Every structure is written in C-alpha cells, then in structure tokens.
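Visitor: Let me see this model with its cysteine links picked out, please. I'd like a close look at one of them and then a tour of what else is going on in the chain.

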Amino acid sequence: MKRAIHFVLLLFLSLLLYSYADEAFDVRQHLSTVTRYGAVKGIADNSFIASNIPDGCTPIHINLVARHGTRSPTKKRIKELDNMEARLEVLLRDAEERKLSLQKVPSWIQGWKSPWKGKLKGGELISKGEEELYDLGIRIREKFPDLFNEEYFPDVYAIRATQVPRASASAVAFGMGLFIGTGSLGPGRHRAFAVTSESRASDLLLRFYDTCENYKDFRKKQEPAVGKLKEPILDEITSSLVRRYMLNFTRQDTSSLWFLCKQEASLLDITDHACSLFTPSEISLLEWTDDLELFILKGYGNSLNYQMGVPLLQDVLQAMEQAIKAQEEKHAPGSYEKARLRFAHAETVVPFSCLLGLFREGSGFQQIQEEKSLEPPPKPPQQRNWRGSVVAPFAGNNMLVLYSCQANSSSKYFVQVLHNEDPIPLPGCDDDFCPFEHFKENIVYPHRKFNYNQVCMVKQETPEQKPSMISKLLQLFPFFSLGTDGKQTHTQEL
C-alpha cells in the first residue's frame with residue numbers, strides 16, 4: 001500500500017514539475033536571431049560575478065558595435081507567409097475530403113490571414129525596434145554620464161551605420177535617446193546629429209561579409225548542405241504535428257510554421273497561434289537548428305567567418321589608442337573622440353563576438369587565435385553557450401569601454417567588454433576588467449597575421465583537403481542525412 005501511495009505521489013510531483021516547466025517556458029526567449037532584445041536582456045551566466053571597477057578608474061572612451069533593432073519580415077519572406085495562408089486552406093480542405101474530424105485543429109488556423117498581407121516592401125525597422133535603440137541610447141548615457149557630458153560634435157561622438165535603412169534608422173533612434181535633452185528641438189529638447197555611412201561596395205568595417213569574395217563563395221556552397229542538416233529534425237517534428245493535428249503537414253510546412261511562430265512571437269507578441277503548435281522540446285530543437293546554421297555560416301564553424309572581421313577589430317583598437325594618446329598628451333576637452341558608435345547587422349556582430357572569443361563551448365580560445373573552427377553547439381537537452389537569441393538578438397550589442405586608472409601601479413588603462421549591456425569575461429584575460437596591453441597582445445594581435453585581402457581575395461589552395469564542418473557534424477550526429485532531394489535554404493541578411 002505504501003509503495004502505491006509513493007508511486008502516486010511521485011507521479012503527481014512529476015506532472016506538477018512538467019506543468020511548471022511548461023508554464024515557465026517563454027518561446028520569445030528561444031527565437032534565435034529573431035529574438036527581441038527585451039526578451040533576453042539580462043539573461044547571463046549566473047556563475048559569473050562581474051568585477052567592481054576600482055576607485056579612481058574613469059571611462060574615457062566607448063566602442064559600440066550594435067545590430068539594428070527589431071524589423072519586419074523581408075519581402076521574400078512576406079511572400080512565403082502569403083503562400084502559407086493558401087497552404088493552410090489546402091490542408092483543411094484535404095482533411096475534410098478525408099472525412100477527418102477537425103476538433104484537434106487549432107481554431108486560429110481556420111481563416112488565418114497573414115498580418116503582413118498586402119505589404120509591398122519589408123525588412124524595415126518597426127516601432128519596437130526604434131524603442132529598443134532609443135532606450136539603449138538613454139541607458140548608455142545614464143551609465144556613463146562622464147563620457148557624454150560635452151557638447152556634441154561629430155568628431156567627439158562618431159555615429160556610423162551601414163547603408164541599409166534599418167541600420168541607419170537604428171542609429172538615428174539611438175542618437176535621439178543618447179542626446180535627449182541636450183538640444184532645442186521640440187518638447188524633448190532633441191538635437192540634430194550626424195550618421196555617416198560607407199558605400200555597400202567598400203564598407204570593410206561593417207559590411208566586410210559583403211565584399212569578401214572567398215566568404216561569398218563559402219556561403220554559397222555551404223547553404224544547401226546546412227539546409228540538409230536541418231531536415232532530420234524537421235522531419236521528426238513534422239511527423240509529430242501530423243499525428244497531433246491530423247493534417248498532412250510537410251517538411252516545408254513545418255519550416256514555414258516555425259518562421260511564422262518567430263515573427264508572431266517577436267514582432268506581435270502572439271504566442272498562442274503558430275508557436276502553440278509546437279511543444280517546448282520541439283521549439284528547443286528548432287531553435288538549435290537555427291543556432292547551428294548561425295554557427296556554421298557566421299560564427300565559429302569556419303575561421304573565415306571571423307577572419308574577415310579583423311578590420312573592425314583593428315578599428316576598435318585604433319580608437320582606444322587614440323583616446324589613450326589624447327589622455328597622455330592632455331588634449332583639450334572637445335578636441336578628441338570619446339565614443340565610436342556603430343550600427344549594423346547580425347553578420348557584423350556575430351563575427352566580432354567570435355574575434356573576442358565570446359560564447360565558446362568550453363575551451364577553444366587558442367583554436368580561435370590559430371584560426372581553427374570549433375566544435376558545434378551541443379544538441380538539446382544539453383546546455384550550450386552558443387545561442388543566437390543571446391549572441392545576436394535584435395539590437396544585440398558589444399560595448400568595449402576603455403578606463404583610465406592613473407593610480408594603478410600595474411597598468412594605467414583597462415578594457416571592459418559588455419555584451420548586451422552586461423559585463424562578460426574575456427578569454428585571454430584573468431577577468432572582465434582587462435589591462436589594455438593584455439587586451440591588445442592576447443586578443444587583438446593574434447588575429448593580425450592575416451590581412452583582409454589575403455583572407456578574402458586570394459584563392460586558398462591547400463594540398464590536403466580538411467574535413468568540413470558539415471562532415472564533422474555527420475560524425476557527431478549520425479542521424480543527419482545528406483540526401484539529394486529538398487529545397488535550398490533562404491539566403492537573407494539579418
């Protein structure tokens with residue numbers, strides 16, 4: 001009798017815990033790079049305790065590399081959603097013809113219309129994205145008041161963006177927050193400020209991926225294979241959806257529904273439509289496939305992905321060295337730069353994070369400096385550091401703050417890296433408050449062995465073919481299959 005009672009209690013507790021885990025799961029935190037900034041800001045490694053900035057240390061310069069804010073779907077993906085509307089009608093009609101009950105079919109599917117139906121353009125910054133950058137500008141000014149206490153000049157507070165409208169609009173929204181109350185325009189006392197952009201064809205700092213011929217070749221060759229890597233997961237989930245809802249979903253349907261889930265949850269805060277079709281474990285797997293794609297095509301999966309970003313890292317170092325020179329030579333206030341603020345894309349932020357050695361799985365910093373690829377992020381339910389929702393959500397950012405510590409006997413200048421506004425440990429340094437010379441010698445200089453032209457323009461011919469990331473994944477995850485059927489994945493700029 002006691003055993004029976006214990007079994008019932010155990011069963012009850014298991015169900016209770018399962019139910020709690022289900023309720024605690026917020027899909028908006030699991031949308032890879034489609035995740036909104038506010039959903040993941042503050043989610044950090046709880047085991048890491050940030051350094052206290054020593055007394056007498058003051059910030060003298062800040063480098064910011066930020067992604068644009070939340071945007072609408074691109075024109076190509078809007079068309080996919082329009083097709084989804086017609087596809088759902090076909091699925092319902094098919095079920096009726098087979099005389100199947102529609103009781104298991106969620107009510108939202110019947111008569112569903114795409115929220116973006118009729119839009120002729122896409123990819124623009126939406127109001128939520130404007131707010132993300134506007135609020136970020138306000139918070140940065142509040143956090144570093146001594147850095148932003150001077151009259152505005154473009155040479156003192158340099159703001160740069162790519163020529164893509166959502167990036168330049170993000171820079172404007174950020175500047176409005178940063179300089180609010182410092183001008184004479186309108187009730188908010190706004191002020192005009194400059195945002196500079198380089199031509200897409202020659203922007204080596206923020207759009208290096210667009211001008212790197214070797215990278216474009218690599219991505220073109222790898223994208224179909226990466227799409228194939230996703231197929232076993234999509235097939236497994238498709239089978240579950242068919243059993244669950246009695247509709248003849250295909251692999252492409254599952255992929256489109258996952259895309260719809262991400263757009264609805266991130267842009268519209270709707271989580272009870274497309275997202276509700278999937279269980280939390282299925283969403284975790286779908287998120288992982290997106291993160292795997294990010295890892296292979298933009299992250300540690302190939303050293304070329306971040307080698308091409310070295311000009312940006314060198315630009316960051318140059319800004320720091322100029323600030324140190326101004327400090328040492330006691331330049332007059334207003335005569336030197338105090339902030340270099342950049343607004344670009346996930347394709348910029350992700351390689352830059354890799355150059356700094358962030359979000360690796362375990363060790364591997366030495367491999368990065370030797371320009372080697374790292375092992376892929378582990379499959380759920382295993383924990384992983386590489387999550388697109390944290391590495392590069394909408395408005396995701398890296399801030400490198402340079403401090404002057406004149407009373408310090410060992411080093412007068414230190415660098416602290418903040419990812420999404422939280423201090424993060426720097427590999428190659430003892431903690432997150434890194435002596436400048438240490439940062440320069442251990443993090444920046446090892447990447448200078450290759451110049452941009454050598455990495456991007458010179459065709460590399462190796463005598464022995466090294467195993468690709470795709471072949472490594474086939475060994476690690478034997479359930480992956482590289483058949484010849486299926487469609488090529490979407491190519492889009494994030």
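Are C429 and C434 buried or exposed?

Guide: Both C429 and C434 are buried, meaning under 20% relative accessible area, where over 50% would be exposed and anything in between partly exposed (1.4 Å probe, protein chains only). Before we go on, keep in mind that this is a predicted model, in which local features need pLDDT of at least 70 and side-chain atom pairs count only at pLDDT 80 or more, while totals for chains, interfaces and linings use all residues. Residues are numbered from 1 along each chain as its sequence is written, and side-chain values use heavy atoms, with hydrogens and water left out.

Back to your pair: C429 and C434 form a disulfide (a pair of cysteine sulfur atoms within 2.5 Å), with the two sulfurs 1.9 Å apart. The S-S torsion of C429 and C434 comes out at about -45°, so that link is left-handed.

It has company, since a search of the whole structure turns up four disulfides. If you number the bonded cysteines of the protein chain in sequence order, the pairing reads 1-5, 2-8, 3-4, 6-7.

Take C57 and C405, whose sulfur atoms sit 2.0 Å apart in a disulfide. Their S-S torsion is about 125°, so this link is right-handed. It ties together distant parts of the chain, 348 residues apart, with C57 in strand 1 (residues 57-67) and C405 in strand 4 (residues 397-405). Helices here are DSSP runs of H or I with at least four residues, strands are runs of E with at least two, and both are numbered from the N terminus. C57 and C405 are both buried.

C261 and C275 make another disulfide, again with 2.0 Å between sulfurs. The link of C261 and C275 is right-handed too, with 95° about the S-S bond. It joins distant parts of the chain, 14 residues apart: C261 lies in helix 8 (residues 251-268), and C275 in the loop between helix 8 and helix 9 (280-298). C261 counts as buried because its relative accessibility is 0%, and C275 is buried as well, with a relative accessible area of 3%. While we're on cysteines, C354 also counts as buried, at 0% relative accessibility.

That brings us to helix 8 itself. Of its 18 residues, 14 are buried, so helix 8 is mostly covered. From its first C-alpha to its last, helix 8 reaches 25 Å, close to the 26 Å expected (the expected span being 1.5 Å times one less than the number of residues). Just after helix 8 comes D269, whose phi is positive, near 60°.

Helix 8 also meets helix 7 (residues 213-245): their axes come within 9 Å and cross at roughly 90°. That makes helix 7 roughly perpendicular to helix 8 (the label covers 65 to 115 degrees). On the helix 7 side the contact (heavy atoms within 4.5 Å) is made by E231, L234, D235, I237, T238 and L241, and on the helix 8 side by R251, T254 and S255.

Now return to strand 4, the home of C405. N397 lies in strand 4 as well, and N397 counts as buried because its relative accessibility is 0%. The N397 side chain makes a polar contact with the side chain of Y37 at 3.2 Å; such a contact is a pair of N or O atoms within 3.5 Å, where within protein one must be able to donate a hydrogen and the other to accept it, and residues adjacent in sequence count only if both atoms are side-chain atoms. A polar atom of the N397 side chain also lies 3.0 Å from the backbone oxygen of A395. Beyond its neighbours within four places in sequence, N397 is in contact with several residues, among them L64, V65, A66, L136, L418 and H419.

Strand 1, where C57 sits, turns up again around helix 5 (residues 165-178). The buried residues of helix 5 include R166, S170, F174 and L178, and the buried residues of that helix pack against strand 1, helix 4 (127-143), strand 2 (157-161) and strand 3 (339-344).

For contrast, try D82 in helix 3 (residues 75-97). D82 is partly exposed because its relative accessible area is 27%. Outside its neighbours within four places in sequence, D82 is in contact with S114 and K117.

Definitions and conventions. Axes are lines fitted to C-alpha atoms, for helices over the stretch in contact, and angles run from 0 to 180 degrees between N-to-C directions. Angles under 35 degrees count as roughly parallel, over 145 as roughly antiparallel, 65 to 115 as roughly perpendicular and the rest as oblique.
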